[in-house]
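Work through the exercises below with the model open. Try each task before you read its solution.

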Amino acid sequence: MKVLRTLFALLALAVFAGPALADGPAIGTAAPAFEAKTLDGKPFSLADAEKTNSYVVLMFIATQCPYSNAYNDRMRDMAAAYAKKGILFVGINSNKTESIDEAAAHAKKHGFAFPVLKDPSNKVADLYDAKHTPEVYVIGKDGKLLYHGRIDDNSDDAAKVTSPDLKNALDALLAGQPVAKAETKAFGCSIKRV
Amino acid sequence: MRRHSDFGIRISDWGAAVAALFLFLAAVVAAAADASRLAGNVDAKGLAAAVAKDRGKVVVVNFWATWCVPCREEFPDLVRLEEAYRARGVAVLGVSIDLPKDMPKIEKFLAANRPEFPNYVKRAGGDDQDFIDAVDPKWGGELPFTVVYGKDGKKAKVLSGKQSYADFEKAVAELLK
């Protein structure tokens, strides 16, 4: 009986503990393929998006996170500007606490012309090991991850940004150059997983 | 008719003096309590020095912000943990990631939660990435985030995202053995 209890406890630990900090895809390796639905129910396939765009920018976003919301205008403007250069921006809402309706209202309010996906079971967030919002990933035509991290270094004031990291990465790629700073970090709201 | 003491001081003066003394002492106690909760600004180096001061104890460093809902939700459990484990050699340090302009919000939050452990505010300026990497290279910047140091001062555990009281208790209990 004692052995059974110990075995059960070990099994429970294995199931519930999990890795404390798993690793997502490394720069230069394949970005995990996935399919999801946009807020208005249309199917989205990363593999298809890679084929029809020069680069795809995945942005894990939120409706209630002040850090993510600080970037709403910047995301809207960058998505519009880079769409003309063949780059597709895609928002992903993986927060269990934010409904499809709430995310749709948020996207409309902030003029997001780019598709926003709902990731109801954190499937996509888990594939990328995305930790917080906003957190972005740039993927090339060959499906490789080229940039991961922040949009820039100043969430508080767009006018005081000294390191526009996402813009730098995209401009370098469009110019056929390697991304100088391919991994960056910033504070953000942890993704509320199911 | 006013009564006078043997020293010629009116009773009403004594009353005022006692009231003033009481108010002074209350202010001193309140200031001390506030000081124990808000410990000043800190950079990564300063934080490492603060952790080192508690060598010999299990030190729990929690990074939070007033705008972070799960941080606000888990904070009372840290207050409870520190109270329950203080005598057993556990120290808790809080670090707010709020911007300096949000100091009134920080003070209000601490006044509502009344932690008995010190809370620092991350020093403004510099690249946040440098601070994040100095705390833990594996940290992506998500909040809340907790680092637990063993009695030897070495980093023993990192806890990403909101934790339960049982999670915190488990993390420190293992290191107190």
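**Exercise 1. State how much area chain B and chain A bury between them, and which three residues of chain B supply the most of its share.**

Step 1. Take the size. Chain B and chain A bury about 1900 Å² between them. Buried area is the accessible area (1.4 Å probe) that two parts lose on being put together, summed over both. Carbon and sulfur atoms account for 58% of it.

Step 2. Find the main contributors. B:Trp67, B:Gln129 and B:Lys138 supply 33% of the area that chain B buries against chain A, more than any other three residues.

Step 3. Count residues. Chain B gives 25 residues to the contact and chain A gives 20 residues. Contact means heavy atoms within 4.5 Å.

Before going on, note the basis. This is a predicted model, in which local features need pLDDT of at least 70 and side-chain atom pairs pLDDT 80 or more, while totals for chains, interfaces and linings use all residues. Residues are numbered from 1 along each chain as its sequence is written, chains are lettered from A and ligands numbered from 1 in the order in which they are written, and side-chain values use heavy atoms, without hydrogens and water.

**Exercise 2. Describe the polar and charged pairing between the two chains, then the side of chain B that touches chain A.**

Step 1. Count salt bridges. There are 3 salt bridges between chain B and chain A. The term requires a side-chain nitrogen of Lys or Arg within 4 Å of a carboxyl oxygen of Asp or Glu. B:Asp133 and A:Lys185 form a salt bridge through their side chains, at 2.6 Å from N to O.

Step 2. Count polar contacts. Between chain B and chain A, 10 residue pairs are in polar contact, both residues at pLDDT 80 or more. A polar contact is a pair of N or O atoms within 3.5 Å; within protein, one must be able to donate a hydrogen and the other to accept it, and residues adjacent in sequence count only if both atoms are side-chain atoms.

Step 3. Assign the elements. On the side of chain B that touches chain A, α5 (128–135), β5 (142–143) and β7 (155–160) of chain B each supply at least two residues. Helices (H or I, at least four residues) and strands (E, at least two) are DSSP runs, numbered from the N terminus. The largest share, 5 residues, comes from α5(B).

Step 4. Sort by class. This side of chain B has 11 nonpolar, 5 polar and 9 charged residues. Ala, Val, Leu, Ile, Met, Phe, Trp, Tyr, Cys and Pro count as nonpolar, Asp, Glu, Lys and Arg as charged, and the others, Gly among them, as polar.

**Exercise 3. Which strand of chain A is joined to β5(B)?**

Step 1. Strand β9 (residues 188–190) of chain A is joined to β5(B) by 2 bridges, and the strands run parallel. Two strands pair if DSSP finds at least two bridges between them.

Step 2. Opposite A:Gly188 stands B:Glu142 in β5(B).

**Exercise 4. Trace the salt bridge of A:Lys181 with A:Asp165.**

Step 1. The closest N and O atoms of A:Lys181 and A:Asp165 are 3.4 Å apart.

Step 2. A:Lys181 lies in the loop between α7 (165–174) and β9 of chain A and A:Asp165 in helix α7 of chain A, so the pair ties together parts 16 residues apart in sequence.

Step 3. Compare accessibility. A:Lys181 is partly exposed at 37%, whereas A:Asp165 is buried at 3%. Buried means under 20% relative accessible area, exposed over 50%, partly exposed in between (1.4 Å probe, protein chains only).

Step 4. Widen the view. A network of salt bridges links A:Arg150, A:Asp165, A:Lys181 and B:Asp127.
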